[in-house]
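Work through the exercises below with the sequence and the coordinates at hand. Each task is followed by a solution in steps.

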Amino acid sequence: MKKVSLEVNGKKVSKEVPDHTLLSVFLRDILNLTGTHVGCDTSQCGACVVHVDGKSIKSCTTFAADLEGTKITTIEGITQNGKLHPMQEAFKKLHGLQCGFCTPGMVMSAIDLLKNNKKPTDAEIREWLEGNICRCTGYQNIVAAVKEAASKM
Amino acid sequence: MKTFNYHTAKDVKEASKLASSNSAYLAGGMTTIPSMKLGLASYKDIIDIKGIKSLSGIKISRKSVKIGSTTKHAEVANSKDVKKAIPSLAALAEGIGDAQVRNRGTIGGSIANNDPSADYPSACIALNAIIHTNNRKIDADKFFKGTFETALKSGEIIEAIEFSIPEKSNYQKYPNPASRYAIVGVYVAKHKDGVNVGVTGAKSCVYNDKNIAKTLSNNFSSSAISNVNVSSSGMNSDIHASAEYRANMIKVFAKKAVEAC
């Protein structure tokens, strides 16, 4: 067992977990933050993307023990004062989702993109979302939503 | 996944002390963790070396770019110094996997793993890299031994990879559309004393295509490559590409790389 102390969505958390606990398991099963989804569980689909110290990573391919002292942001942590994040708002407005399974990861990846690239082109958005797979919408509205959010953020 | 004991090493000495025949070093974990989840690998001890400060960072000198083993792909891709000294190396790093993999995966991990389709090994071959470990320095052409096999001894830690700055260089690849690993990747580098052509994805292990390299050493032009014979013997053949296709792609990408130099 390993004691892991970190910050999740602004709250300090300290838990004793088995050494092989993945961050995705830590978030979903221990903290009950089920907004982070596990799709492929082989680091391809990106449904599990969260931010660690501001950078997007795949939580299914990271050990919780590895993240001692870090700051994690999940999809639950991006709303402010009960208001949707501009990226969530844009996905909602432009139908950037159908079943919604991939959406938490898409949103978290896209927010990371806009941190370093305020006005990405369609090609840059598609390139960045290489690690996020959607099996419903064909990406068109997702790309449109990221562009819309970029114009609002 | 089978459980293990997770250790965080504070320095290289402590890490190597913890190592055994049943342990693995963990940096980004982009291959190690999926392998463990799939049951392809299991360890008694996982030794996290990511926090060891001396293993991370980029140092540029007049002749070389030295990159610490736990430096992430995103750091290499975004480094102004690397972009200036060896732009093709920064571009290679930018093309690995996806953004999240680049935020975690490390150069040392890529090289220690020696996946036959990985990008970085071709850079090591083309750029006459020296692999610095906690015990010795190994030339790249003696480091990559075979599929997932390197010259590293049990418990040996890569500390840094030192690339020679070439006169010109470029890397071209045909990425697998799902994984972005190279179906074929060709890294051409022109040094003062000759040309190297690092080829990845085509055979069981990265190699220097001596025929193309020799031709380019005499005449550094894409048209010169047309006359070189690249045999498909010993090339990989799978659902993505036949051996003959790969052999042809090597010439195509070598030409493209020379033209982009």
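The exercises cover a helix pair, a chain contact, strand pairing and single residues.

The model is predicted: local features need pLDDT of at least 70, side-chain atom pairs count only at pLDDT 80 or more, and totals for chains, interfaces and linings use all residues. Residues are numbered from 1 along each chain as its sequence is written, while chains are lettered from A and ligands numbered from 1 in the order in which they are written.

**Exercise 1. A helix pair**

Describe how α2(A) and α5(A) pack, and name the residues that make the contact.

Step 1. Locate the elements. Helices are DSSP runs of H or I with at least four residues, strands are runs of E with at least two, and both are numbered from the N terminus. Helix α2 of chain A spans residues 86–93, and helix α5 of chain A spans residues 140–152.

Step 2. Take the geometry. Axes are lines fitted to C-alpha atoms, for helices over the stretch in contact, and angles run from 0 to 180 degrees between N-to-C directions. The angle between α2(A) and α5(A) is about 135 degrees, and their axes lie 8 Å apart.

Step 3. Classify the angle. Under 35 degrees counts as roughly parallel, over 145 as roughly antiparallel, 65 to 115 as roughly perpendicular, and the rest as oblique. The two helices, α2(A) and α5(A), are therefore oblique to each other.

Step 4. List the contact residues (two residues are in contact if their C-beta atoms, placed from the backbone, lie within 7 Å). From α2(A) come P86(A), M87(A), A90(A), F91(A) and K93(A); from α5(A) come A145(A), E148(A), A149(A) and K152(A).

Step 5. Sort them by type. Ala, Val, Leu, Ile, Met, Phe, Trp, Tyr, Cys and Pro count as nonpolar, Asp, Glu, Lys and Arg as charged, and the others, Gly among them, as polar. In the contact of α2(A) with α5(A), six residues are nonpolar, none is polar and three are charged.

**Exercise 2. The contact between the chains**

How many residues does each chain give to the contact, and which element of chain A gives the largest share?

Step 1. Count by chain: 24 residues come from chain A and 19 residues from chain B.

Step 2. Find the elements. On the side of chain A that touches chain B, β4 (55–58) and α3 (103–116) of chain A give two or more residues. The largest share, four residues, is that of β4(A).

Step 3. Sort this side of chain A by type: six residues are nonpolar, ten polar and eight charged.

**Exercise 3. Strands of chain A**

Determine the pairing partners of β3(A) and the residues that stand opposite V52(A).

Step 1. Apply the criterion: two strands pair if DSSP finds at least two bridges between them. Strand β3 of chain A (residues 49–52) is joined to β4(A) by four bridges, and the two run antiparallel. Two bridges join β3(A) to β5 of chain A (residues 71–73), again antiparallel.

Step 2. Read off the partners. V52(A) faces K55(A) in β4(A), and its bridge partner in β5(A) is I72(A).

Step 3. Inspect the turn. A hairpin is formed by β3(A) and β4(A), with two residues between them, and D53(A) in the turn has a positive phi of about 50 degrees.

**Exercise 4. A sheet of chain B and V65(B)**

Which strands stand at the edges of the open five-stranded sheet of chain B, and is V65(B) buried or exposed?

Step 1. Write the strand order: β4-β5-β10-β6-β7 of chain B, with antiparallel pairing.

Step 2. Identify the edges. Each of β4 (58–60) and β7 (137–139) of chain B has a single partner strand, so one side of each is left without a neighbour in the sheet.

Step 3. Follow one edge inward. Three bridges pair β4(B) with β5 of chain B (residues 64–68) in the antiparallel sense, and I60(B) stands opposite V65(B) in β5(B).

Step 4. Assess burial (buried: 20 or more other C-beta atoms within 10 Å of the residue's own; exposed: 12 or fewer; partly exposed: in between; C-beta atoms are placed from the backbone). V65(B) counts as buried because it has 24 C-beta neighbours inside 10 Å.

Step 5. List contacts. Not counting residues up to four places away in sequence, V65(B) touches I58(B), I60(B), V82(B), A85(B), I86(B), L89(B), F163(B) and I165(B).

**Exercise 5. Positive phi in loops**

Where do S43(A) and N128(B) lie, and what are their phi angles?

Step 1. Recall the background: most residues other than glycine have a negative phi.

Step 2. Place S43(A) in the loop between α1 and β3 of chain A. Its phi is positive, about 60 degrees, although S43(A) is not a glycine. S43(A) counts as buried, with 26 C-beta neighbours inside 10 Å.

Step 3. Place N128(B) in the loop between α8 (120–126) and β6 (130–133) of chain B. N128(B), also not a glycine, has a positive phi of about 45 degrees. With 20 C-beta neighbours inside 10 Å, N128(B) counts as buried.
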